Amino acid sequence: MKELIEWSNDLSVNIQEIDEQHKILVALLNKLYASIITSDDQTVIHEVLTELTQYTIIHFAVEESLMRIFHYPDYEEHKQQHAELTQQVIDLKNKVTSGKTQISMETLDFLRQWLTRHIMGEDRKYVTCFLEHGMEKTWAKRSWMGRIWGS
């Protein structure tokens, strides 16, 4: 089965820690897509959607912390974009959990487009700032977030 999003260098911001976190988001969206395509079990879909929601919140908190640490000048605008998507994902999860809606391909396509556009547009804007303030491009070991989340 084809994935909803294929990770490629086009999605890389060239900072390993952030790329590894983005890969987890991509994997979770792909997992949600696969759950919808291959399963009628709403419990599985709810579990994946819950995991995606939790990880999105965690990833955005990490990015926003880095923006504050490195004095990213567009922090407030970027944070607002995160807040809007987080609320949309939480609302979707609540509607799906309560049985008011099901996840459609249109919804998955929205999430796919939002994530890819956000990474390739907005996230790339902070890279220079982060690197100029001392963030390393690569780590000798696996991403700390990847170790925690088990990717």
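**A walk through four helices and a cavity**

Hi everyone, let's start on the inside: this structure holds one cavity of 30 Å³ or more. Please keep in mind that we are looking at a predicted model. How do we find such a space? Rolling a probe the size of a water molecule over the atoms shows where empty space is left.

The largest cavity has a volume of about 100 Å³. Which residues line it? If you have the structure open, pick out Leu25, Leu29, Leu52, Thr56, Phe60, Leu85, Val89, Leu111, Trp114 and Leu115. In terms of class, that lining has nine nonpolar residues, one polar residue and no charged ones. And where does the lining come from? At least two of its residues are supplied by each of α1 (16-38), α2, α3 and α4.

So, on to the helices. Two packed helices are described by the angle between their axes and the distance between the axes.

Take α1 and α4 to begin with. They pack at an angle of about 180°, with 12 Å between their axes. Angles over 145 degrees count as roughly antiparallel, and therefore that is what we call α1 and α4. On the α1 side, the residues that meet α4 include Leu25 and Leu29, two names you just heard in the cavity lining. On the α4 side, Leu111 and Leu115 are among the residues that meet α1, and both of them line the cavity too. By class, this contact has 15 nonpolar, one polar and two charged residues.

Next, α2 and α3. Helix α2 covers residues 42-69 and helix α3 covers residues 75-97; their axes come within 10 Å and cross at roughly 170°. These two are therefore roughly antiparallel to each other. The contact includes Thr56 and Phe60 from α2, and Leu85 and Val89 from α3. Those four also belong to the cavity lining. What classes of residue make up the contact of α2 with α3? There are ten nonpolar, eight polar and five charged residues.

Now for α2 with α4, where α4 is residues 105-132. Are these two roughly parallel or antiparallel? Their angle is about 25°, and the axes are 11 Å apart. Angles under 35 degrees count as roughly parallel, so α2 and α4 are roughly parallel to each other. The crossing of α2 past α4 is left-handed. From α2, the contact uses Phe60, Glu63, Leu66 and Met67, and from α4 it uses Trp114, His118, Asp123, Tyr126 and Phe130. Sorted by class, these are six nonpolar, one polar and two charged residues. Phe60 is worth a click: it takes part in the contact of α2 with α3, in the contact with α4, and in the lining of the largest cavity.

Before I finish, a word on the backbone. Most residues other than glycine have a negative phi, and most peptide bonds are trans. Which residues here have a positive phi although they are not glycine? One is Asn14, with a phi of about 65°, and you will find Asn14 in the segment before α1. Another is His71, at about 55°, which sits in the loop between α2 and α3.

Thanks for listening, and happy clicking!

Methods:
Residues numbered from 1 in each chain as written. Predicted model: local features only at pLDDT ≥ 70, side-chain atom pairs only at ≥ 80, totals over all residues. Heavy atoms only, no water. Axes fitted to C-alpha atoms, helices over the stretch in contact; angles between N-to-C directions. Helix = DSSP H or I, 4+ residues; strand = E, 2+ residues; numbered from the N terminus. Parallel < 35°, antiparallel > 145°, perpendicular 65-115°, else oblique. Contact = heavy atoms within 4.5 Å. Nonpolar A, V, L, I, M, F, W, Y, C, P; charged D, E, K, R; others polar. Left-handed = near helix turned anticlockwise from the far one by under 90°. 1 Å grid on protein atoms, 1.4 Å probe; cavity = no way out; pocket = protein on both sides within 12 Å on 5 of 7 lines; lining within 4 Å. Points joined across faces, edges and corners; volume = space filled by probe spheres on them.
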